[in-house]
Amino acid sequence: MSVPSTTPRPVATNSVWPLLEPLLPQVTKPIQYVGGELGAVVKGWDEATVRWALMYPDAYEVGLPNQGVQILYEVLNELPDVLAERTYAVWPDLEALMRANGVPQFTVDAHRSVRDFDMFGVSFATELGYTNLLTAIDLAGVPLLAVDRTDADPVIVAGGHAAFNPEPIADFVDAAVLGDGEEAVLEITAIVREWKAEGSPGGRDELLLRLARTESVYVPRFYDVDYLPDGRIQRVVPNRADVPFRVHKRTTMDLDAWPYPKKPLVPLAETVHERYAVEIFRGCTRGCRFCQAGMITRPVRERSITTVGQMVQQGLEFSGFHEVGLLSLSSADHSEIGDMCSGLAQQYEGTNVSLSLPSTRVDAFNIDLAQELSRNGRRTGLTFAPEGGSERIRRVINKMVSKEDLIRTVVTAYTNGWRQVKLYFMCGLPSETDEDVLEIAEMAHEVIRAGRAATGSKDIRCTVSIGGFVPKPHTPFQWAPMDRPEVIDGRLRLLKQAINADRSLGRAIGFRYHDGEPSLIEGLLSRGDRRVGAVIRRVWENGGRFDGWSEHFSFRRWADAADEVLPTFGVNLDWYTTREREELEVLPWDHLDSGLDKDWLWQDWQDAMSEYEQDDCRWTPCFDCGVCPSMDTEIQIGPTGQKLLPLTPVNGNGMKVPSHP
């Protein structure tokens with residue numbers, strides 16, 4: 001381990017804007033680098049004791065709406081002695097110009113160099129953002145490898161769902177936080193504040209040690225990995241006595257106490273989501289076996305109907321958005337979703353404000369919900385996710401939706417004015433056959449037939465969207481083998497032929513899919529260990545950027561890098577992806593505690609192969625998954641018995657109407 005330098009951090013408050021501005025006319029979408037959005041915060045550098053740069057490692061149009069970054073940005077900036085600014089991945093055209101002109105990775109708020117901050121927090125929703133992280137680190141002038149950094153460099157902290165297995169990027173990040181970030185960033189900030197107030201004793205190493213001692217911040221440099229001759233992990237152990245053997249996730253309870261974002265960022269450039277988003281509950285206990293988010297965010301914690309109403313009113317007044325997204329992993333499962341939607345629909349009736357429930361469960365959508373979501377005449381897109389084409393495969397993944405349920409639900413949407421619905425499925429699921437996938441075509445045909453019969457119109461459409469299955473850590477499928485890309489692509493060709501076999505119906509069905517190659521690489525990164533870091537670096541050195549974008553992703557680049565690097569460790573790409581794990585194998589993330597009992601996950605994996613369904617523990621006795629006792633948490637659900645109204649009515653312009661005595 002290198003000895004930290006005692007070089008003091010540069011106190012550079014100067015903006016890089018004078019260097020950046022002349023470059024912007026030469027790049028696409030220059031407005032994304034300008035900053036100054038409604039909701040943005042710029043503080044004086046010298047007024048702050050602790051300074052954070054927060055990043056979502058993708059382009060501005062994807063990163064700005066990210067709820068997690070917006071919440072942390074606001075939580076941190078509410079502290080008088082803390083400064084938080086945002087940075088995003090720059091497109092390759094600007095990257096080249098920045099390198100040529102000596103412009104470092106910068107924040108969009110005050111255009112300060114990222115290297116000057118104390119903390120550099122990066123939130124990963126997907127592992128395909130790893131190469132963008134390396135670009136940002138390098139552009140910032142920070143050493144790529146954590147072991148080479150000095151006291152003059154920011155501490156790089158990973159968060160988000162992908163941080164539940166940060167081992168592939170363990171060489172590049174200084175720390176990782178598992179779970180909810182609201183309280184975690186405040187605790188980290190307090191530790192940094194105290195350490196700096198003491199004169200930064202022990203340098204960078206001491207600060208990281210203090211973070212590790214919380215038992216909820218993972219510092220990879222304090223852990224060693226030993227391997228067996230066949231490539232499997234023998235053990236992961238601390239290399240010093242004063243750090244914990246296991247690191248635990250953070251769980252924020254009582255979401256009503258954290259009503260963020262209060263002042264949502266309003267983008268200057270077009271973004272993927274332009275709406276005021278309210279997270280109405282966190283966690284899910286439906287038990288879909290493929291779903292990492294549902295597993296790692298347990299238990300369910302609902303936000304009360306009254307808090308949701310207040311957040312919507314304040315958020316719309318501040319932002320001027322015309323759409324409200326009621327977000328969660330399964331929004332229609334909120335115990336008061338009916339009253340919530342009817343209350344909001346009444347509140348904003350006659351205005352141009354619309355409600356949306358992204359990805360609605362088939363068995364939770366009903367005619368009352370449909371009418372409330374379309375009350376103002378604006379019908380946002382409806383997406384239903386059966387996930388599996390056949391009833392058999394839906395038993396395997398524990399997503400029990402019958403074909404009859406789906407037809408009934410979609411017909412409800414069509415008869416309430418929707419003319420377009422989206423159905424989301426996965427391909428490559430454990431034990432899947434060609435026949436399981438071909439049933440997707442049959443289901444889509446029946447949706448169109450039933451919709452035409454119910455509405456008397458041929459002007460209805462259905463889009464079938466297919467994603468590739470990727471086994472994720474901390475799920476029952478963490479042991480599962482992946483199908484090779486040629487198997488996935490073969491099934492998708494058969495499915496497309498089956499959809500178009502009936503030309504009359506096929507014309508009304510859109511077909512979108514991701515081929516198998518990106519999923520295989522995501523599988524490498526999601527279940528990889530520290531040895532995969534060398535592959536990520538090689539890909540990045542060979543030009544890998546924006547791997548989550550199909551036009552930038554290169555399977556050949558990843559496969560070649562894996563072929564060059566992994567055999568030196570005695571493993572290969574198939575070893576990480578298409579190989580089934582054994583029950584007692586040490587998995588790279590076993591020392592990182594999501595609260596889920598590994599024995600329970602293994603039993604659920606066996607139940608999946610037996611096609612056994614598991615109920616939702618919100619409404620049935622506990623199944624002993626381990627989360628509530630190990631995390632000292634509990635399920636928090638209503639109903640509260642409260643109503644959304646009365647709130648101050650709004651007029652057609654979305655402005656409050658004054659009350660009269």
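**Close-up views of rings and strands**

**View A. An aromatic cluster.** Trp91, Phe546 and Trp549 come together as one aromatic cluster in this predicted model. Let's start with how rings are compared: a pair of aromatic rings is described by the distance of the centres and the angle of the planes. The structure holds 14 aromatic pairs. For Phe546 and Trp549, the ring centres are 6.5 Å apart and the planes meet at 85°, so this pair is edge-to-face. Phe546 is buried, with a relative accessible area of 2%, and Trp549 also counts as buried, at 18%.

**View B. A tilted ring pair.** Here the rings of Phe511 and Tyr513 have centres 5.3 Å apart and planes at 35°, so the pair is tilted. Tyr513 is partly exposed, with a relative accessible area of 42%.

**View C. Arginines over rings.** Look for the charged end of Arg86 over the ring of Tyr73, 5.1 Å from the ring centre. Arg240 lies over the face of Phe222, at 5.2 Å from the centre of that ring.

**View D. An open sheet and its helices.** The sheet has 6 strands in the order E2-E1-E3-E4-E5-E6, with mixed pairing. At the edges stand strand E2 (82-88) and strand E6 (217-218); each has a single partner strand, so one side of each is left without a neighbour in the sheet. Strand E1 (residues 50-56) runs parallel to E2, joined by 7 bridges, and Val50 stands opposite Val82 in E2. Helix H3 (residues 67-77) lies across E1, E2 and strand E3 (119-123), at about 155° to E2. Helix H5 (residues 130-139) crosses E1, E3 and strand E4 (155-159), running at about 160° to E3.

Methods: Residues numbered from 1 in each chain as written. Predicted model: local features only at pLDDT ≥ 70, side-chain atom pairs only at ≥ 80, totals over all residues. Heavy atoms only, no water. Phe/Tyr/Trp six-rings, centres within 6.5 Å; stacked < 30°, edge-to-face > 60°. Buried < 20%, exposed > 50% of the residue type's maximum accessible area, 1.4 Å probe, protein only. Lys NZ or Arg CZ within 6 Å of the ring centre and 35° of its normal. Pairing = 2+ DSSP bridges. Helix = DSSP H or I, 4+ residues; strand = E, 2+ residues; numbered from the N terminus. Contact = heavy atoms within 4.5 Å. Axes fitted to C-alpha atoms, helices over the stretch in contact; angles between N-to-C directions.
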